[in-house]
Amino acid sequence: MATQGSKPWDGNNLIVEVGDFDQVLRDASAAKYLRPYRQATEMLYDKDRWCLWLNNADPSELKTSPVLRERLAAVREARLSSPTAPVRELADTPSRFAQDRQPTTTYVALPEVSSSNRDYIPGRYYDADTIAGNKLILFPDCPAWLFGYLQSRPFTAWVKTFAGRLKSDISISPGLTYFTFPFIQPEGKDLQAIEAAVQGVLDARAAHPNSCLADLYDPLAMPKDLRDAHKALDKAVLGLYGLKPDATESEILAALIARYKELDSACRLPLPTSGTAKVSPRAGKSLSRAATIRAWAIQNGFAITPRGRIPSDVIDAFDQAQETGNS
């Protein structure tokens with residue numbers, strides 16, 4: 001399972017910034033409901049932020065707490081002023097996030113948008129008391145082997161090839177890049193190797209306590225022990241697809257697409273859904289066609305880069321192959 005985090009739609013009144021933390025903390029009733037709150041920026045840069053998580057709050061406290069009453073009144077006003085009818089309806093429940101997808105167990109989070117310059121998309125574990133916002137993609141009850149996949153070269157190559165874009169950054173969508181990824185679930189020694197490599201990555205991160213994820217995964221600043229740990233993880237994941245540790249990105253994609261074809265003979269990636277970056281219907285169709293052409297080209301031995309403009313001769317060859325297949 002993968003999903004976006006929770007969306008407050010609150011006029012920033014359920015969110016507690018650093019400058020307001022002490023004021024909220026002085027209100028005994030409000031302080032009970034403070035929870036760490038993380039969006040992608042807070043996760044990547046180790047920034048502090050909190051929210052008021054009031055799902056199980058006692059109505060008497062909501063009524064008598066000056067801080068809570070003031071903030072909930074502001075949430076109600078913000079929602080009532082929305083031009084969107086469903087948001088206005090949420091004014092009746094100002095103490096709750098507009099969309100609540102908070103896991104009740106430990107979960108892994110990835111940033112919804114990540115720099116395309118990074119060699120990996122950095123993720124991390126959180127416990128259920130840390131509230132995840134809608135700029136994070138969540139994987140509840142994520143086993144170590146799945147976390148290993150998410151932190152590997154194969155998953156990163158797949159995302160960079162098929163994900164949407166926000167300017168030059170990659171925009172991760174569960175529907176477009178996670179649910180379509182052709183996993184091979186590891187067993188036995190393969191499982192043990194991935195789990196050991198995952199622990200190696202976590203240990204290497206822990207060896208640099210003064211560095212945030214954005215520092216650790218900067219391609220020019222990534223420490224050697226962390227890069228070596230990722231290479232060990234890559235080796236374990238690549239081995240599942242019969243690939244060597246030094247496999248090129250094109251070779252990785254070819255193996256993934258071959259596995260994808262085993263799972264779905266149509267080899268069609270879905271269009272972006274409601275959880276993705278905003279893409280016009282026309283752009284969505286172009287994205288789907290481009291992804292399909294690129295997958296077909298790699299599978300059929302064309303020299304094509306994983307990203308960028310697709311050469312016209314490749315597009316012509318693809319169209320001709322489709323016409324031949326449908327005649």
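**Notebook: strands, sheets and one arginine**

I began with the weak part of this predicted model: over residues 266-287 the pLDDT stays under 50. For that stretch I noted 33 contacts beyond four places in sequence. I then looked up the protein as a whole, where the pLDDT averages 88 and 85% of the residues score at least 70.

**Entry: strand S5**

I turned to strand S5, which covers residues 107-111. Are its residues buried or exposed? Five of its five residues are buried, and I recorded the strand as mostly covered. I checked the two faces separately. Tyr107, Ala109 and Pro111 lie on one side, while Val108 and Leu110 lie on the other. Both faces are covered. This split fits a general pattern: side chains in a regular strand alternate between the two faces of the sheet.

Next I looked up the partners of S5. Strand S7, residues 124-126, runs antiparallel to S5 and is joined to it by three bridges. Within this pair I found Ala109 opposite Arg124. Strand S9, residues 136-140, also pairs with S5 in the antiparallel sense, over five bridges. Here Pro111 stands opposite Leu136.

**Entry: the sheet of four strands**

I listed an open sheet of four strands in the order S2-S4-S3-S8, with mixed pairing. Its edge strands are S2 (15-16) and S8 (131-132), each of which pairs on one side only. I wanted to see where the mixture comes from, and looked at strand S3, residues 34-38. S3 runs parallel to S8, with two bridges between them. On this side Tyr37 has Ile131 as its bridge partner. S3 runs antiparallel to strand S4 (residues 50-52), and three bridges join the two. There I found Pro36 opposite Trp50.

**Entry: the sheet of three strands**

I also noted an open sheet of three strands, ordered S6-S11-S10 and paired in the antiparallel sense. Why do S6 and S10 each have one side without a neighbour in the sheet? Strand S6 (113-114) and strand S10 (164-166) stand at the edges with a single partner strand each, so one side of each is left free of a neighbour in the sheet. I looked up the pairing of S10 with strand S11, residues 169-171, and counted three bridges. Arg165 has Ile170 in S11 as its bridge partner.

**Entry: Arg205**

I finished with a residue in a helix. Arg205 lies in helix H10, which covers residues 188-206. What is the nearest side chain of opposite charge to Arg205? I found Asp46, 9.6 Å away. Arg205 is buried yet has no salt bridge; a salt bridge would need a distance within 4 Å.

I then looked for a polar partner. The side chains of Arg205 and Tyr217 are joined by a polar contact of 3.0 Å. Leaving aside neighbours within four places in sequence, I listed the residues in contact with Arg205, among them Pro122, Gly123, Phe147, Gln151, Leu213, Leu216 and Leu226. Arg124 is also in contact with Arg205; I had already met Arg124 in S7, opposite Ala109.

Technical notes
Residues are numbered from 1 along each chain as its sequence is written. This is a predicted model: local features need pLDDT of at least 70, side-chain atom pairs count only at pLDDT 80 or more; totals for chains, interfaces and linings use all residues. Side-chain values use heavy atoms; hydrogens and water are left out. Buried means under 20% relative accessible area, exposed over 50%, partly exposed in between (1.4 Å probe, protein chains only). Lys and Arg count as positive and Asp and Glu as negative; His and the chain ends are not counted. A polar contact is a pair of N or O atoms within 3.5 Å; within protein, one must be able to donate a hydrogen and the other to accept it, and residues adjacent in sequence count only if both atoms are side-chain atoms. Contact means heavy atoms within 4.5 Å. pLDDT is the predictor's confidence in each residue, from 0 to 100. Two strands pair if DSSP finds at least two bridges between them.
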